[in-house]
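Biologist: I would like to go through this model piece by piece. Please show it first.

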Amino acid sequence: LTRRPTTHSTFEKESKTHMKLMEDRISQDAIIEDGEILKVGSFLNQQIDVPFISRCAEEFHRLFGEEGITRILTIEASGIGLACLCAVPFGVPVVFAKKSRSSNIAGEVYTSQVFSFTHGTEHRIMIPRQFLTSADRVLLIDDFLASGEALRGLDDLCRQAGACVVGAGVFVEKVYQGGGNRLREAGMRIESLARITAMSPEAGVTFG
């Protein structure tokens with residue numbers, strides 16, 4: 001890919017444009033339910049708006065394209081489609097951590113425990129060792145960042161493999177739940193396309 005020179009002011013302007021696109025899409029199509037549940041199934045989860053997500057992928061490539069990414073890593077199931085679209089501009093494979101061991105996983109694996117606050121359950125995520133090595137530079141992709149458990153678990157798998165986590169691309173971050181701040185304080189670079197500071201069925205979504 002040929003990249004045009006980007007000044008600092010242009011970089012900030014383009015980043016704000018992509019964030020505005022995601023914010024507008026959330027405001028337009030998302031449904032807020034009690035219990036701080038944001039439903040984005042019409043474009044991000046159950047139904048994926050491929051042209052829209054492809055534009056988001058271009059933003060992640062703009063942010064991380066110079067980092068020498070060799071693999072994109074996510075967790076099944078909702079992250080897989082998004083990660084595949086994000087992998088296109090990078091030209092790298094997608095690896096996804098499974099939440100249960102199936103017959104097609106043989107041999108040694110890296111594992112980590114991840115607690116899902118949404119479902120109130122704990123998952124033992126795993127990746128076969130041949131798909132993640134110490135030579136890899138990894139970009140993590142996740143649809144939502146709330147408590148930060150998913151990204152923490154993926155980062156743990158990379159640490160076990162000796163792989164370098166370059167950063168994480170997040171589509172929607174719930175800032176008020178604190179997971180992103182904890183991960184940033186621990187040294188992880190996180191780029192979020194929309195940052196939600198508050199939301200309710202009555203007041204809607206506040207971005208910041």
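Biologist: Which residues of H3 are buried?

Modeller: This is a predicted model. Buried here means under 20% relative accessible area. In H3, residues 78–90, the buried set is Gly79, Leu82, Ala83, Leu85, Cys86, Ala87 and Phe90.

Biologist: What covers the buried residues of H3?

Modeller: The cover includes helix H2. Strands contribute as well: among them are E3, E4, E7 (137–145) and E8 (164–174).

Biologist: What unit do E3, H3 and E4 make?

Modeller: E3 (residues 71–75) and E4 run parallel, joined by four bridges. One of the pairings puts Ile75 opposite its partner Ala97 in E4. With H3 included, E3 and E4 make a right-handed β-α-β unit.

Biologist: Which side chains of E4 point to the buried face?

Modeller: Side chains alternate along E4, residues 94–97. Val94 and Phe96 point to one face and are not buried. The other face holds the buried pair, Val95 and Ala97.

Biologist: How far does H2 reach from its first C-alpha to its last?

Modeller: H2 spans residues 50–64, 15 in number. At 1.5 Å a residue, 21 Å is expected. The reach is close to that, at 20 Å.

Biologist: Is Ala135 buried or exposed?

Modeller: Ala135 lies in the loop between E6 (121–128) and E7. Its C-alpha is separated by 6.2 Å from that of Ala163, 28 residues apart along the chain. The cut-off for exposed is over 50%. Ala135 has 63% relative accessibility, so this residue counts as exposed.

Key:
Residues are numbered from 1 along each chain as its sequence is written. This is a predicted model: local features need pLDDT of at least 70, side-chain atom pairs count only at pLDDT 80 or more; totals for chains, interfaces and linings use all residues. Side-chain values use heavy atoms; hydrogens and water are left out. Helices (H or I, at least four residues) and strands (E, at least two) are DSSP runs, numbered from the N terminus. The expected span of a helix is 1.5 Å times one less than its number of residues. Buried means under 20% relative accessible area, exposed over 50%, partly exposed in between (1.4 Å probe, protein chains only). Two strands pair if DSSP finds at least two bridges between them. A crossover is right-handed if, with the strands pointing away from the viewer, the path from the first strand over the helix to the second runs clockwise. Contact means heavy atoms within 4.5 Å.
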